[in-house]
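Notebook open, coffee poured. I want to go through the pockets, cores and cavities of this one, plus a few single residues.

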Amino acid sequence: MHINPVLEQLGAYPIATVHERARALRDAGKRVIDFSIGDPREPTPEFIPAALKSAVPTISQYPTTAGLPELRRAIADYLQRRFGVTVDPATQVIPTSGSKEAVFSTPLAFVDRAAGDSVVYGTPGYPISERGARFAGAAVTPVVLTGDFVLRPGAISAFEWERARLVWTCTPHNPTGAVTDAATLRAFVDRARTADALFLSDECYTDIYDPVAYPDGPASVLQVAGPGAPGVLAYISCSKRSGMTGYRSGAIVGDAEAIDALKKLRTATGTASPEFVQAAAIAAWSDDVHAAERREIFAAKRRVLRKAFAELGLVTVASEAGLYLWIEVEDDLEMTDRLLAGGVVVSPGRFFGRGGEGYLRLALVPGLAECEAAAEVVHELSLIHISEPTRRH
């Protein structure tokens with residue numbers, strides 16, 4: 001059988017291997033506290049599935065690519081409340097089936113493989129940015145992140161800017177939880193416009209943050225993009241904000257011409273969110289109370305785990321926003337195995353690309369009680385003898 005060579009080159013999704021090991025432990029009857037996959041355990045607020053159920057039709061019909069006008073309006077209203085920005089729901093918003101497929105498919109609309117177009121992204125990072133670029137036939141330009149793990153325009157060479165068609169950032173960042181400030185986002189927008197590149201900001205974790213560290217929450221690129229957001233797209237999601245990972249509901253917002261191109265692509269592929277899922281999303285984007293309640297839950301988990309690792313002399317880098325803790329260790333594979341032996345499943349940083357070696361990623365998905373139990377496991381593993389790792393920041 002002939003397989004797409006890109007699929008063979010990429011191999012298995014690396015986090016899947018950790019997930020398989022966790023499943024094997026469960027099958028053996030062992031207690032497992034799984035921090036490897038970003039799929040929170042907190043129940044979806046009741047009003048969201050209620051909205052979905054009430055919208056299931058008697059006769060099923062195809063949804064439109066553009067999505068329900070009521071959903072696009074709810075998203076625009078949310079952006080006004082959250083970031084103080086105004087977007088046109090008719091031309092600047094398109095619903096997606098979560099953010100993962102949206103990130104993956106975007107290069108298909110803009111990359112000219114014959115022209116040698118490049119897609120730029122930070123590493124370590126969300127693997128889908130690279131995978132989507134490769135399947136679209138783009139050249140890929142990974143930029144290794146260090147220090148605070150924030151990608152900045154100056155880290156991209158003049159040559160790389162010259163051939164860039166798309167430039168990705170992610171804030172709050174997966175896997176580190178680093179936050180890109182408004183000044184850096186503005187500098188990116190200016191540089192991308194000069195280079196005639198689209199600047200894409202993955203902001204699916206923007207409503208998960210420590211309120212003490214970020215009283216007003218992380219910034220959005222839409223706040224610095226100006227009217228119409230020319231050359232800019234932001235990617236948002238209900239998954240973490242509203243506990244809707246299984247609903248697969250997100251949106252792309254920004255440059256109207258780019259949104260129109262994506263609409264054409266998505267119509268060609270038949271990619272559209274079911275209208276009963278859109279009804280649930282309308283309810284979710286229209287309410288901020290549940291998002292604030294979930295934010296406090298994640299902040300409590302973060303405090304418990306940061307404290308446990310700090311008592312071992314291990315440094316937590318960034319990690320004051322988003323869904324993840326990024327812990328500096330000497331050997332991420334060896335530490336992953338140590339924790340796994342105690343039933344605590346984490347992801348080695350190298351799974352997220354170059355620059356991730358020597359770090360662990362913990363997704364704040366188990367409940368608070370499980371996080372407290374995991375902190376006890378860390379102590380029971382007698383890791384206290386580990387010397388503080390060499391700091392790279």
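Ground rule for element names: helices (H or I, at least four residues) and strands (E, at least two) are DSSP runs, numbered from the N terminus. I am working on a predicted model, where local features need pLDDT of at least 70, side-chain atom pairs count only at pLDDT 80 or more, and totals for chains, interfaces and linings use all residues. Residues are numbered from 1 along each chain as its sequence is written, and side-chain values use heavy atoms, with hydrogens and water left out.

**Entry 1: around H6**

I looked first at what follows helix H6 (127-135). Gly137, just after H6, takes a positive phi of about 85°. Next I checked burial, where buried means under 20% relative accessible area, exposed over 50% and partly exposed in between (1.4 Å probe, protein chains only). In H6 the buried residues are Pro127, Ile128, Ser129, Arg131, Gly132 and Ala133. They pack against H1, H2, H5, S3, strand S4 (139-144) and S5, with contact taken as heavy atoms within 4.5 Å.

**Entry 2: pockets**

Then I ran the search for open space. On a 1 Å grid over the protein atoms alone, a pocket is an open set with protein on both sides within 12 Å along at least five of seven lines, while a cavity is a set of points where a 1.4 Å probe fits but cannot get out; lining residues have an atom within 4 Å of a point. Grid points are joined across faces, edges and corners, and a volume is the space filled by probe spheres set on the points.

The largest pocket comes out at about 480 Å³. Its lining has 23 residues, and Ile37, Gly38, Lys100, Tyr126 and Lys240 are the closest to its centre. Helix H2 (14-27) and helix H5 (98-110) each put at least two residues into that lining. For classes, I count Ala, Val, Leu, Ile, Met, Phe, Trp, Tyr, Cys and Pro as nonpolar, Asp, Glu, Lys and Arg as charged, and the others, Gly among them, as polar. That splits the lining of the largest pocket into ten nonpolar, seven polar and six charged residues.

The second largest pocket holds about 290 Å³. Of its 18 lining residues, Pro127, Glu130, Phe351, Phe352 and Gly353 lie nearest the centre. H6 turns up again here: it gives the most to this lining, with four residues. Helix H1 (5-10) and strand S3 (118-123) also supply at least two residues each. I get nine nonpolar, six polar and three charged residues in the lining of the second largest pocket.

**Entry 3: cavities**

How many cavities of 30 Å³ or more are there? I get two. The largest cavity holds about 170 Å³, and its lining has 19 residues, with Gly122, Trp168, Thr169, Cys170 and His173 nearest its centre. S5 gives the most to that lining, with three residues. By class the lining of the largest cavity is eleven nonpolar, seven polar and one charged.

The second largest cavity has about 40 Å³ of space. Tyr78, Glu203, Cys204, Thr206, Asp207, Ile236, Ser237, Arg241 and Trp285 line it.

**Entry 4: cores**

I used this rule for a nonpolar core: a set of buried Ala, Val, Leu, Ile, Met, Phe, Trp, Tyr and Cys residues joined through side-chain atoms within 4.5 Å. The largest one has 56 residues, and Ile75, Leu79, Val167, Val221 and Trp285 have the most contacts inside it. Among the elements that give two or more residues to this core are helix H4 (69-83), strand S5 (164-170) and helix H10 (275-285). H4 gives the most, with seven residues. Leaving out residues up to four places away in sequence, Ile75 touches Val93, Ile236, Ala251, Val253 and Trp285. A second, separate core has 28 residues, including Leu323, Ile327, Ala374 and Val377.

**Entry 5: two loop residues**

Is Glu42 buried or exposed? It counts as buried, because its relative accessibility is 16%. I found Glu42 in the loop between strand S1 (33-34) and H3. Its side chain makes a polar contact of 2.7 Å with that of Lys301. For polar contacts I take a pair of N or O atoms within 3.5 Å; within protein, one must be able to donate a hydrogen and the other to accept it, and residues adjacent in sequence count only if both atoms are side-chain atoms.

Thr245 sits in the loop between strand S7 (232-237) and strand S8 (250-254). The side chains of Thr245 and Asp39 make a polar contact at 2.6 Å.
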